[in-house]
Amino acid sequence: MVIGVGFLTPFSALAQSPSPADPQLPAAYARAHFDRLYPPEAVAFIKEQLQTANPFLPVLAQLAKDPRPEVRKLVAVLLGESAQAEAAPPLWQLVRDDQEPVRLTAAGALTRLSQTVAIGVETDGLRDPRAPVRRFVAAALNMLGDKAAEESLIAALSTEENELVRLDLVRALGRCGTKAATPVLIKTVRDDPSVLVRTTAVPVLAMHASAQVTETLLAALQDPDWHVRAIAALVLRGRAKESSEVATALLDRLYHDDFALVRDRAADSLAGALSNEVLKGLVAAIVSDNREAGIHAARGLIYAKAVAAVPLLLEHRNDPRPEVRRRIVEVIGALGGANHAATMIELSGDPDPNVRLGAVNALRGLGPDLTLEILLPRLGDTNSHVRAAAARILGERGDRAAVPHLVRLLRFDSETFVRSEAAEALGKLGDKSATLALIEVLVDDGTRTAPAPGEGLTIGGGIEMLPEVASLTELERRIKAVQALGELRDERAVDPIIQKGLAAEDAGLRAESAVALGKIGSPRATPALQLSVKPYYDTAPKVTDTVLIAAGTVDDRVRVVQEREARVRASVAWALGQIGDPQARALLTMALDDVNSLVRDAAAEALARIAEKEERKPVASST
C-alpha cells in the first residue's frame, strides 16, 4: 500500500501523545470511534494535524481540501460528529466531491450533524454540471427535510434533464415540499417521460390536497404504464370514500385494467373506503361474469375485514352460477361470524363440490356451535376434498363422538389423503378405541376390505377440483398413522410400530416411529430402538478435536442419506430419553460423539432424563 506524503507519525506514537488542545475534540473522536477507522495511517495523520489546534474546526475544514480521498472521507466523519453548526459548510462542499465514496460519507455526516445541531442548507450543488453530484445534493436535502430547500428543488426539477436526478429531486420534495410544489409535481406526473419518475411523483403529489391534485391522480389511473396506474390506484384510497368520482374510476380499473396488480390495488383502495356505494360496487364485481374483477374484489373485502358486505353477499347465495357461489362462500368464510352459520350449513350441501368445500372450511370458525351432526354428512361426501376437510375439522374440535365415524373413514375411504386426514384427526382426539384401526393402516399391505353391506357409509372417488392437493403415497399415510398412534400413547401399538415403522426402509418413517415409541414410553421398545442405530455406531467416526477432511467429493445421494439417518439417530436418542431405561445409557454415551450436533444434543438430554429418573427411585421407595 502506498501512503501519501504527510503520513509521517506512527499511530502507536500518537497513542502516547497528550490530550488535544481543543477539549471538544476527544468527544468527537469517541462519537466517531475514530481510532478504529481505516486506514490507520490517515487516522494518525489527521490526529497529528489536530493535536495543537484550538479550535480544531478551522483546521479540519482545511483538511477537507486534502488531495487524498481517504483523508477527506475521515474528515467528513469527524465533521459529522463535531456537534458544531460551523461544520456544515465544509460538509456541503464534500457532498460535491469528485469521489463518490467521499460524497456518500459527507451526505451521511450531514444527517448526523443535523441530529445534534441546527444547520443550514446549501443548494448550489443542484446546479453542479455533474449529474452524480446533483443527485447526492438532492439526496442530502431529502435526508435533512428542510423546507428552506423547496424553492431551489422546484427550480431544479423544472429544468433537470437527467432522469435519475429528477427522481431524487421528487423524493426531496416529498419531505421538503409544501403546497408551493404542487404545480411542478402535477406537471411531472402528467408529462415526465420517465416511468420511474412518474411512479415516484404520484405518492408525493398525493400528499397535497386540492381538486387539481385529485384530477391529476385520476388521470394517472389512465397512464400508459401499469406501474403508474397501480400506485395511483393505491394512493387514491383516502379519497374514494368521499368522492363518488374516485370510487367510479377505481371500479373501472378493477373491471377493465389489463394488469393484475392494478386491479388488486384498485380493490384494496375500494375496500379501504367502505361506503355503501363502494360495498355495492365490490359485491357487484364478485357476482359479475368478470372472473378477474371478482377475484380481486373478494380478496379486497377479505383484506379489509369488510363484515358489512356479508348481508349484500347473502342476497346472491342462490346465484345459479357455481363460480359466484364459490366466491361468496370464500368471502363469508374468511370474514367469519356465527351469525352466518345457517347459511354455511345450507351451502355445505350445495351441488357444486367447490362450494361445499368452501362452506365446510368456513364452518371451522363457528366454535361450539359446530356440532358433529352438521359435519357428519360431509364425511360421506362424494368429493374427497370435502371429506378430508370434515375429518380435519372434527379432529380439531376434540369431540370424541366422532371417533367411530373417523375410524370408518380411515378403513374404507378410497383416497389415501382422506385416510391420512382421518388418522391425524384420530390422533388429536386421543381416543384409544381408534388404536386398532390405526395399526391396520400401518401394517396394511395395500389391500383394503370394502365396507360390509348395510353399514351405511357410501364413499365415491369424487371430483378432483383441487389439483394442487396431491394424493398422499402409502408411505405418507403410514407416517400419519404412526404419528397418530404416538399421540394416543397406547402400548398395543408398540410391536406394530417396531415391526412396520422402525424397521422400514424409509428414514422418515423410521424417525417418526422412534418419536411415537418415545411418546408411548414403553421399555419394551428400548432394545429395538437401540438396535436400529447400533450398527451405525459400531462403524461410524467420532467427533474429535482434530477434524480430518478426506480428499474428493461426497456424492449428493450419499449426503442426503446421511442427513436423513442423522434425523433417525436424533429421534431414537430423544425416544430413549423419554422412556428413561438405564439400559440405553451405553448407546447414548456413544451418541455423545456423533458427528451431528442435533444427535449429540438429543443424547445429552436423554442421559440427563435417565439420571433424573434414577435419582427419583430411592425417594419414591422410601416414601
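Okay, let's start with helix α10, which is mostly covered: ten of its 14 residues are buried. Before I go on, remember that what we have here is a predicted model.

So who is tucked away in α10? The buried residues there are Val165, Arg166, Leu167, Asp168, Leu169, Val170, Ala172, Leu173, Gly174 and Cys176. And what covers them? The cover includes α8 (131–144), α9 (150–159), α11 and α12. As for its length, α10 spans 20 Å from first C-alpha to last, close to the 20 Å expected at 1.5 Å a residue. Have a look at its N-terminal end too, where asparagine 162 acts as a cap. A side-chain oxygen of asparagine 162 sits 3.0 Å from the backbone nitrogen of leucine 164.

Now, one residue of α10 leads us somewhere else. Arginine 166 makes a salt bridge with aspartate 192, at 2.8 Å from N to O. Aspartate 192 is in the loop between α11 (182–191) and α12 (195–205), while arginine 166 belongs to α10 (residues 163–176), so this pair ties together parts that are 26 residues apart in sequence. Are the two partners buried or exposed? Both aspartate 192 and arginine 166 are buried.

That's one bridge, but how many salt bridges does the structure hold? The count is 43. Let me pick out a couple more. Aspartate 257 pairs with arginine 253, with their closest N and O atoms 2.8 Å apart, and those two residues are buried as well. There's also a network: Arg291, Glu323, Arg326, Arg327 and Asp352 are joined into one by salt bridges that share partners.

Then there's arginine 127 with aspartate 124, where the closest N and O atoms are again 2.8 Å apart. Here the setting is more open to the outside: arginine 127 counts as exposed because its relative accessibility is 62%, and the cut-off for exposed is over 50%. Aspartate 124, at 43%, counts as partly exposed.

While we're on charged residues, let me show you glutamate 421, in helix α27 (residues 416–429). Why does glutamate 421 count as buried? Because its relative accessible area is 14%, and buried means under 20%. Setting aside neighbours within four places in sequence, glutamate 421 touches Ala388, Ala391, Arg392 and Lys480.

Right, on to the greasy parts. In soluble globular proteins, nonpolar side chains tend to be buried together. In this model the largest nonpolar core has 119 residues, and Ile46, Leu50, Leu60, Leu91, Leu153, Leu250 and Leu254 have the most contacts inside it. Helix α8 gives the most to this core, with eight residues; that's the α8 we met among the cover of α10. Apart from that core lies another one, of 73 residues, with Ile393, Leu509, Ala525 and Ile610 among them.

If you'd like one residue to click on in the largest core, try leucine 50. Beyond its neighbours within four places in sequence, leucine 50 is in contact with Leu25, Tyr29, Phe56, Val59, Leu60, Leu63 and Leu78.

Let me zoom out to finish. The chain has 35 helices and zero strands. It runs to 623 residues, and 49% of them count as buried. Of the contacts between residues at least 6 apart in sequence, 71% join residues at least 24 apart. And on the outside, the chain exposes about 29,800 Å², with carbon and sulfur atoms supplying 54% of that.

Methods
Residues are numbered from 1 along each chain as its sequence is written. This is a predicted model: local features need pLDDT of at least 70, side-chain atom pairs count only at pLDDT 80 or more; totals for chains, interfaces and linings use all residues. Side-chain values use heavy atoms; hydrogens and water are left out. A salt bridge is a side-chain nitrogen of Lys or Arg within 4 Å of a carboxyl oxygen of Asp or Glu. Buried means under 20% relative accessible area, exposed over 50%, partly exposed in between (1.4 Å probe, protein chains only). Helices (H or I, at least four residues) and strands (E, at least two) are DSSP runs, numbered from the N terminus. The expected span of a helix is 1.5 Å times one less than its number of residues. Contact means heavy atoms within 4.5 Å. A polar contact is a pair of N or O atoms within 3.5 Å; within protein, one must be able to donate a hydrogen and the other to accept it, and residues adjacent in sequence count only if both atoms are side-chain atoms. A nonpolar core is a set of buried Ala, Val, Leu, Ile, Met, Phe, Trp, Tyr and Cys residues joined through side-chain atoms within 4.5 Å. Accessible areas come from the Shrake-Rupley method with a 1.4 Å probe; for residues, only the protein chains shown count as cover.
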